[in-house]
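Student: I am new to this structure and would like a close look at one part of it. Could you take me through a single residue first, and then through the surroundings?

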Amino acid sequence: MRNRSENQVDLYFIRHGATPGNEEHRYIGRTDEGLSETGKKLLQQKASEMIMTPDLVLSSPMLRCRQSAQILFPDHTPVEITEWKEMDFGAFEGKNYKELNGNPDYQAWIDSGGTKAFPGGESREDFIKRCRDGMELAIKCIRQLPWKSELKVAAVVHGGTIMAILSSLWGGDYFSYQVKNGEGYHCRMKMLGDEVTNLH
């Protein structure tokens with residue numbers, strides 16, 4: 001008989017659909033805006049093409065993620081993970097590159113490689129820690145599922161959340177995990193007792 005705790009988990013991180021702010025290339029973090037009409041249509045198209053049926057759907061509690069999860073997985077009620085909210089961009093919130101061009105604080109952030117804390121907002125280090133805490137909660141949720149040798153879990157979150165989790169758990173540069181709206185990554189983990197082994 002196989003050990004109940006031995007599970008292979010296919011974890012799909014999906015960035016929410018486009019919002020009006022995304023379409024204008026604005027820093028949208030704590031602003032709780034919903035999807036644009038274009039964003040909804042593109043997600044509906046993806047939903048019609050999707051063949052994956054998840055055992056569990058996880059989501060950021062922000063409106064754009066909840067709406068995206070509803071479109072992609074209408075038969076599921078997502079488990080919301082507060083720690084997976086998007087980064088707080090502080091004084092840069094709601095602005096785009098053109099509006100920030102020439103701002104000395106913005107230039108200092110760029111010169112730091114994006115590691116310097118946003119004025120009045122979060123640092124990358126704090127954001128990654130928060131998202132990692134959310135990942136621990138996600139694993140607890142996965143452990144509560146009925147046993148199957150292979151589990152499929154969808155996480156509808158933010159682009160920043162994906163970059164934070166994948167760069168810290170799977171390695172690589174933070175910005176190398178950037179994805180477009182509605183796209184994401186398929187990760188595979190093996191859960192052995194209290195241990196989680198990253199496969200790829």
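Tutor: In this predicted model, glycine 160 has a relative accessible area of 6%, and because that value is under 20%, glycine 160 is classed as buried. The residue sits in helix α7, which covers residues 159-169. Leaving aside residues up to four places away in sequence, glycine 160 touches Glu86, Phe127 and Tyr174. Tyrosine 106, by comparison, is 54 residues apart from glycine 160 in sequence and 18 Å apart in space, taken from C-alpha to C-alpha.

The helix that holds glycine 160 also leads to the pockets. Helix α7 gives three residues to the lining of the largest pocket, and this is the largest share. That pocket has a volume of about 680 Å³, and of the 30 residues that line it, Arg15, Arg26, Tyr27, Phe89 and Gln178 lie nearest its centre. Two or more lining residues come from each of the elements α1 (20-23), α5 (104-111), α6 (124-143) and α7. Sorted by class, the lining of the largest pocket consists of 14 nonpolar, ten polar and six charged residues.

The second largest pocket holds about 210 Å³ of space. It is lined by 13 residues, and Ile14, Met50, Gly182, Glu183 and Gly184 are the closest to its centre. Here the elements that contribute two or more residues to the lining are β1 (7-15), α2 (37-49) and β5 (184-192), and the lining divides into seven nonpolar, three polar and three charged residues.

From the pockets we can turn to the strands, beginning with β2, which spans residues 56-59. Both of its faces are covered, since Leu56 and Leu58 on one side are buried, as are Val57 and Ser59 on the other. Strand β2 runs parallel to strand β4 (residues 150-157), and four bridges join the two; within this pairing, leucine 56 has valine 153 of β4 as its bridge partner. Strand β2 is also parallel to strand β3 (residues 79-80), to which two bridges join it, and there leucine 58 stands opposite valine 79. Between β2 and β3 the chain passes through helix α3 (residues 63-72), forming a β-α-β crossover that is right-handed.

How values were computed:
Residues numbered from 1 in each chain as written. Predicted model: local features only at pLDDT ≥ 70, side-chain atom pairs only at ≥ 80, totals over all residues. Heavy atoms only, no water. Buried < 20%, exposed > 50% of the residue type's maximum accessible area, 1.4 Å probe, protein only. Contact = heavy atoms within 4.5 Å. 1 Å grid on protein atoms, 1.4 Å probe; cavity = no way out; pocket = protein on both sides within 12 Å on 5 of 7 lines; lining within 4 Å. Points joined across faces, edges and corners; volume = space filled by probe spheres on them. Nonpolar A, V, L, I, M, F, W, Y, C, P; charged D, E, K, R; others polar. Pairing = 2+ DSSP bridges. Right-handed = clockwise from strand over helix to strand, strands pointing away.
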